[in-house]
Amino acid sequence: MTDKADQTNKQELLAKAYEFSDVESRWYETWQNQKTFTATMDPSRPSFSIVIPPPNVTGVLHVGHALNNTMQDVLVRYKRMMGYNTLWVPGTDHAGIATQNVVERQLAAEDITRHDMGRDKFIERVWQWKAQSGGQIINQLKRLGCSCDWDRERFTMDEGLSRAVRAVFSRLYQEGLIYKGDYIINWCPRCHTALADLEVEHEPTDGKLYRIRYPYSKGDGYIVVATTRPETMLGDTAVAVHPDDERYSGLPEKSVILPLVNRKIPIVFDSHVEREFGTGALKVTPAHDLNDFEIARRHDLPAVKVMDDNGRMNIEAGHYAGLDRFECRRQVVEDLRKQGLLDGIEDYQHGVGHCYRCATVVEPSLSQQWFVSVKPLAAKAIEAVKKGDIKIHPKSWENTFFDWMYNIRDWCISRQIWWGHQIPAWTCEACGELIVSETDPEQCPQCGSAQLLQETDVLDTWFSSALWPFSTLGWPDDTEELRFFYPTSVLITSFDILFFWVSRMMMMGIHFMGEVPFKDVYLHALVRDAQGQKMSKSKGNVMDPLLIMDEYGTDALRFTMTAFAAQGRDIRLSEERIEGYRYFINKIWNAARFALMHISDCDPSVTVSISAKDSGLAHRWILSRLNRTIGEVHRSLNDYRFNEAASAMYQFVWHEFCDWYLELIKPELFSDSDENKNKARAVLFTVLESVIKLLHPVIPFVTEEIWHALPGSRGSIMTEAYPEENPAWDDPDAESTAQLVMGLIGGIRNIRSEMQIHPSAQVEAIVICANQLKRDSIAAHTDAIKGQTRTAELTVLGDGHGPKGAASYIFEDIEICIPLAGLIDVPKELEKLAKEQAKIEKQLAQSQGKLGNAKFLANAPEDVVAKEKDKLESLSATLQKIEQSRKRLHEISE
């Protein structure tokens, strides 16, 4: 033991109350200054690496970020303490469309457009915005406690990643996997750019199905087609029917006149046509529908584009030119009606595509774009998942992954915006040669001309993100980091970008590195509100993690996220739950303060041995339970069962260490026997030190603060070894006996509480147990049971019944009885219960009245109704308890 004077000093290191705001800012600054997050590359140790899903540079921390990054940080801190070379690469995504929109809104406030500025000046303005505002999300991740290697922070448009993007584009082009061609793309008239299929959000929409008569080109009669977009008929170049559709087997004519345009178009037979839809006759508009485009290819039909990039009708639309597409729809329908060619209109619900950024209705449009031919790349990714080289957690997502990958379409990678990676392709103005190069070419390799015009489109943001696992480690250079940390260990991300991002990283990583980019993919679910509703601003149920951290502390938020992160299950988040885990943080703090009253002069170098036969039951039990908990936490974290790891920690710390162990050892801590006292202090010190280390990956701030208050000279807890299982601590007998003792203590306490026996009153307890081994164990620990329950006398019997006028409690095969004579005034207690019952019954009637009121149920907010239902349930339970207490008192008085 060290000098006694140090005891007071160490205890004073922990304030009476845990002030998280000071602790969090102080320790994060210390960690950064001490470079504790910096990755090491020691060949003698295993490596663990993870790349952060880069948040948009425009982003602000939301609960999804909080969940995702908490789980990543838990793993990173855990592996770091397990002795791994640990690298967590941070960074942000340039977020092409989103960032350009932000800056364009700023310009609009100044009455300027990007076109007024020109491309170069506009790009400069975006970089200025990024320098001023782009670091917000990074600072918020630091606030969350993320232990990223900030010296390796990357940006998807920094110099190194830009070089990687050019290298990948150029090499894929040389391999014939990137091409430029006419294709139907998803066009956003608001953002003025093409969208990949995954960037189109399809929403069920109540629309109309229009039946239009197309007259035969000769003679009488017509064929009826059905469409939801009559304005596109102006670009029709055929009508298609199924070759096996008997309705059209004997057509009198093989061509029709296109209404309103008076253009003769053919009737073609194609097996793509769905006979069940509408009339079975399909208008073919190759420039404005993907399926029609494919039919046109098969039948060598022309494509007539009737809309411009603003969603307005162009010159090909005849006298409808200049009309907005929806205005044109109304006018076309009216003109068809006037000409007697509108066969009918019916209500029709169908999925309408909207831009994921601005919610504008997307227009399928024929355009020349850049594409990646992804099927050869997808085949390798599919094989990697099938072979188990990449494991997806939860496994249930594998079928969805395979289904999408088997049906994957070529990826449109060009975007008609300015902010992003400008496509590294140049056209020679002299001879028309197309040049694709990793570096800017000085002259045309075909004719030698220096008149080269670069492609104005930029690459899809997801293109650069797809290279993230290897580009951030220095590729295309052969860097030490790349050799050391690729492939990365695990990717943690939201399920909704499995196809946007995860699958594309698989394809690019395998193709360019020859290895998978990560070994495991953990897909977490959504964070919803307490009622299970998706959070949205319109519903007013969004929870701001920054405000939550201000109110409850970062550790409380982190533990909540970890505790509810069950695989495949959405999280229902509420402030009540977060507040509950703040109490847990405070419980740990108070337990540490109590412990420091007794262990602050302990020598940390002294090892604890529990092999001695004279070790007390409480010590053997707590060390065995600690050992079991350590094993459960290791297994859970290694299997990505975050919630089970948190549950094991919570159960042990609150219900075993704090509620039981600290109470059971108080007699020893305050004992006159130095031998008993020192043994208790040594075990207490060992358990507390292990608990703090065990908890650190989840709640880093409070654990670091407590760690430095413990005896001895200490560096950061992050540099400590994570607790490992110790076979010498396993003691199933101690656990079984302790369970018995705690069950008896709990039973006696239950009777005292139920019968409202005064806390200071001494009682007599009678235990009836037929099992001799249990009776022996009870007898051996009588003093502990009596000391924890204010029991003056404890009698253990092998058989019999409790005396008349005694309250009883059943624990397993044991009956516990406490004679109540002289302890309570039965008539007085019955009177108190009657008053309480009347009060509860009145409240119950009021609550039942509310819930029986149709107006209340219809008009009150959902959360108010839910709270009222909870109140009714609670009142009913209380009433039931009162009735049970009255019944028991009547039995006693008989």
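Sixteen nonpolar, 14 polar and 13 charged residues: that is the lining of the second largest pocket, by class. One caution before I go on. This is a predicted model.

So much for the mix; now the place. The second largest pocket holds about 1,300 Å³ of space. Its lining counts 43 residues. Nearest the centre lie Thr228, Arg229, Asp289, His350 and Gly351. Which elements give two or more residues to this lining? Strands S5, S7, S8, S12, S13 and S14 do, along with helices H9 and H10. S7 gives the most, seven residues. On your screens, S7 is 200-215 and S12 is 281-284.

Keep S12 in view. It takes us to a neighbour, strand S9, residues 238-241. S9 and S12 run antiparallel, joined by four bridges. One partner pair there is Val239 with Lys283 of S12. S9 also pairs with strand S11, residues 263-269, this time in the parallel sense, over three bridges. There, Ala240 has Val268 as its bridge partner.

Which way do the S9 side chains point? Ala238 and Ala240 go one way, Val239 and Val241 the other. All four are buried. In a regular strand, side chains alternate between the two faces of the sheet.

Next, strand S26, residues 763-769. Buried or exposed, for the most part? Six of its seven residues are buried, so S26 is largely enclosed by the rest of the structure. S26 pairs with strand S27, residues 791-797, in the parallel sense, over six bridges. Val763 has Thr791 of S27 as its partner. S26 is also joined to strand S29, residues 814-819, by four bridges, and those two run antiparallel. In that pairing, Val767 meets Ile816 as its bridge partner.

Last topic: the nonpolar cores. In soluble globular proteins, nonpolar side chains tend to be buried together. Here the largest nonpolar core has 210 residues. Which of them have the most contacts inside it? Phe463, Met508, Phe642, Phe657 and Tyr661. Helix H21, residues 642-664, gives the most to this core, with 14 residues.

Take Tyr661 as a case. Leave out residues up to four places away in sequence, and Tyr661 touches Ala618, His619, Trp621, Ile622, Glu656, Ala680, Val683 and Leu684. Apart from the largest core lies another, of 30 residues. Val225, Leu258, Ile267 and Ala317 are among them.

That is my tour: pocket, strands, cores.

Methods: Residues numbered from 1 in each chain as written. Predicted model: local features only at pLDDT ≥ 70, side-chain atom pairs only at ≥ 80, totals over all residues. Heavy atoms only, no water. 1 Å grid on protein atoms, 1.4 Å probe; cavity = no way out; pocket = protein on both sides within 12 Å on 5 of 7 lines; lining within 4 Å. Points joined across faces, edges and corners; volume = space filled by probe spheres on them. Nonpolar A, V, L, I, M, F, W, Y, C, P; charged D, E, K, R; others polar. Buried < 20%, exposed > 50% of the residue type's maximum accessible area, 1.4 Å probe, protein only. Pairing = 2+ DSSP bridges. Core = buried A, V, L, I, M, F, W, Y, C linked by side-chain atoms within 4.5 Å. Contact = heavy atoms within 4.5 Å.
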